Amino acid sequence: MKTPFYDLHVKSGAKIVNFHGWDMPLQYLGIVQEHINTRQNVSIFDVSHMGRFEIKGADAFELLQALATNDLSKLNDNQALYSPICYEDGGIVDDLIIYRINSQRFLVVVNASNRTKDFQWIASHSNSSVVKDISDATALVAIQGPRASQMLERALPALDLAGLKPFDLIKANILDFRQPIANKKEETKEEIEEEREEEKESKDNNKKKEELIISRTGYTGEDGFELIFDSSQIDIWEKLMQIGMPFNIKPAGLGARDTLRLEAGLMLYGNDMDEITTPLEVPLRWTVKLEKPSFVGKQALATRPITKELVGFEVLEKRIARYANKVFIDGQPAGRVTSGGYAPTLRKSIGFCFVPPSVSPGQLIEIEIGGKMYKAKIASTTRFYKRK
């Protein structure tokens, strides 16, 4: 499968890899360069491989509130939250971003590998709400980095993006995007408005194809935004690249996205959590609201013993730990690595691993890499990097 921007990735010289059936850019100029640019400037990511569902109806809120471990009653219109959804035994079906557009319309973004499973799970619990997979009909682009806000303010001068709080969203029209004009440094508000009116007059007023949803969310640990819009509007990618040139925008692939999320302590489904792991065994306890009257898996999460804990670690020698490497404590098998890699910002090898709950921060462990043991220590948190 290919995203709407596949040809643009190939044209830009991206290295394409298969990711859960999707032909996706792993890197363009290099993972480390793309990682550092995201931390210092701004990067654009194609994340259209992620699943997107629309849930509409009078009981849309009740449906999602009954599935999510987090509490959707905290959401106002145009707000989003992060939440796992669980099976009855407490195992994680997936971790989602849930957007409340209004009381009868919600959007849900799910992991690419779980799109079919998640859709069936959510639809099977619906009474009267319409659950629709809009993944193919829409595109999802992430603008991430400390200069993301400045850049999008220039792209969408009519919107108050600077005032948008984390996990809040704003609805706009795709025609609000400024068309960059060569050899023109600045424009007056009147000129911008005139251009916008001309664009509106020249295009069919199709609300569905023109809807643009912008949320202050991301998966990198940096400030940033994610944009959902009709998949036919592929020119938006090139517009963003042009508008972002003064901010040193660069395209970034899955490789940098993975190292960025690892530094920021963000979990990856299939590696760090799965259907046999509960949100209480990974650093997601804050998303489990047992005070809610009910949700799928509540009883199990309230009573199920915790037998393992996901923690961060730092390798003390010049080796990189990878997924499934075995972890030892005092010479005895104690767990396994779930994610690991080199952290370009921190310039050291880090990762996550499952260990018994009794393990303490600072405790020494050993990790088997390539048949040899290497020293590592348990970190005080899974969040190695926090932006200023």
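This tour walks through a predicted model, stop by stop, with something to select at each.

**Stop 1: the domains.** Start by colouring the chain in three parts: domain 1 (6-50 + 138-261), domain 2 (51-133) and domain 3 (305-388). If you place a marker at the C-alpha centres of domain 2 and domain 3, you will find 32 Å between them.

**Stop 2: a five-stranded sheet.** Next, bring up the open sheet with the order β5-β6-β7-β4-β8, where the pairing is antiparallel. Which strands stand at the edges? They are β5 (79-86) and β8 (130-133); each has a single partner strand, so one side of each has no neighbour in the sheet. From one strand to the next, the twist averages 25°. Now zoom in on β5 and strand β6 (residues 92-102), an antiparallel pair joined by eight bridges. Select Gln-79 and you can look across to its bridge partner in β6, Arg-100.

**Stop 3: strands around β19.** Select strand β19 (residues 372-378) together with strand β14 (residues 309-315); three bridges hold this antiparallel pairing. Here Val-315 faces Ala-376 of β19. Then add strand β18 (residues 364-369), which runs antiparallel to β19 and is joined to it by six bridges. One bridge to look for matches Glu-366 with Lys-375 in β19. Between β18 and β19 the hairpin has two residues, and Gly-370 takes a positive phi near 60° there.

**Stop 4: salt bridges.** The whole structure holds 13 salt bridges, and a few are worth a visit.

- Arg-216 and Asp-223 have their closest N and O atoms 2.8 Å apart, and both residues are buried.
- Lys-239 and Asp-235 meet at 3.8 Å, N to O. The two are four residues apart in helix α8 (residues 235-243), which means about one helical turn separates them. Lys-239 is buried at 7% relative accessible area, while Asp-235 is partly exposed at 30%.
- Asp-258 and Arg-261 come to 2.9 Å between their closest N and O atoms. Both sit in helix α9 (residues 254-263), three residues apart. Asp-258 is partly exposed at 32% relative accessibility, whereas Arg-261 is buried at 2%. Then select Arg-39, Glu-222 and Glu-263, which salt bridges with shared partners join into one network.

**Stop 5: a nonpolar patch.** Finally, switch on the surface and select Val-32, Ile-36 and Tyr-342. What do they form? Together they make a nonpolar surface patch with about 230 Å² of accessible area. Tyr-342 belongs to strand β16 (residues 332-343) and is partly exposed, with a relative accessible area of 36%.

Technical notes. Residues numbered from 1 in each chain as written. Predicted model: local features only at pLDDT ≥ 70, side-chain atom pairs only at ≥ 80, totals over all residues. Heavy atoms only, no water. Pairing = 2+ DSSP bridges. Patch = residues over 30% accessible without salt bridge, like charges linked within 9 Å, V, L, I, M, F, W, Y side chains within 5 Å. Areas by Shrake-Rupley, 256 points an atom, 1.4 Å probe, with all protein chains shown as cover. Salt bridge = Lys/Arg side-chain N within 4 Å of Asp/Glu carboxyl O. Buried < 20%, exposed > 50% of the residue type's maximum accessible area, 1.4 Å probe, protein only. Domains from an automatic or database assignment. Axes fitted to C-alpha atoms, helices over the stretch in contact; angles between N-to-C directions.
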